[in-house]
Amino acid sequence: MATPQQQPQAETLTEDECWRYLESAYIGRLAVINRAVPEIFPVNFVPVDRTILFRTAPGAKLNALLSSTPVAFETDGLGTYSTEVWSVVVKGIPGQVPEGEAPVELADPDRQPWLPGPKDHLIRITPTEVTGRRFPVHSRTRWWPPLDFSSDWT
């Protein structure tokens, strides 16, 4: 009789571990509800005082954020030898940071957005819940990183 292969077990991260991973990351995904429709946006961010900060421009994302509807934010990454992955989710309430209250951490020149242009609105997510998981992986080439087929599209 064959025995089923053991599946890797996900390890639940402590909140402190979640924040350490958040501090090591640069890009995350922001999930908002925009006029009753869920949308997800990539954002570059910086954690400050156990909140998530990022800049944005006017548009659908900002409109959804200013409605004060709860949001979810997720980021993930690889362990040192690509044998484990981690994922952290922050659920919370967004709010605009008043002009002149931008923290020094946002002055880092490496924190440039993917999409150029003015990002005049500083947003803070104040967490209501922070959760994370870490688990081993085997065949890194099957799932990371995603392939870029854009050269095939032209």
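Read from start to end, the chain of this predicted model runs through its elements in the order β-α-β-β-β-β-α-β-β-β-α-α. That pattern comprises four helices and eight strands.

Turning to the chain as a whole, 34% of its 154 residues are buried. The surface left exposed amounts to about 10,300 Å², and carbon and sulfur atoms supply 54% of this area. It also helps to ask how far apart along the sequence the contacting residues are. Among contacts with a separation of 6 or more, 72% are made by residues 24 or more positions apart.

Helix 1, which spans residues 15-24, gives a good view of the interior. Its buried residues are Glu-17, Cys-18, Trp-19, Tyr-21 and Leu-22. A handy rule helps in reading such a list: an α-helix has 3.6 residues a turn, so residues three or four places apart point the same way. What do the buried residues of helix 1 pack against? Their partners are strand 1 (11-12), strand 4 (46-48), strand 5 (51-56) and strand 6 (71-78), together with strand 7 and strand 8.

Strands 7 and 8 appear again in the case of Leu-115. This residue sits in the loop that links strand 7 (84-96) to strand 8 (121-136). Is Leu-115 buried or exposed? Its relative accessible area is 60%, and because a value over 50% counts as exposed, Leu-115 belongs to the exposed class. Leu-115 can also be placed relative to Val-43: the two are 72 residues apart along the chain, and their C-alpha atoms are separated by 9.5 Å.

How values were computed
Residues numbered from 1 in each chain as written. Predicted model: local features only at pLDDT ≥ 70, side-chain atom pairs only at ≥ 80, totals over all residues. Heavy atoms only, no water. Helix = DSSP H or I, 4+ residues; strand = E, 2+ residues; numbered from the N terminus. Buried < 20%, exposed > 50% of the residue type's maximum accessible area, 1.4 Å probe, protein only. Contact = heavy atoms within 4.5 Å. Areas by Shrake-Rupley, 256 points an atom, 1.4 Å probe, with all protein chains shown as cover.
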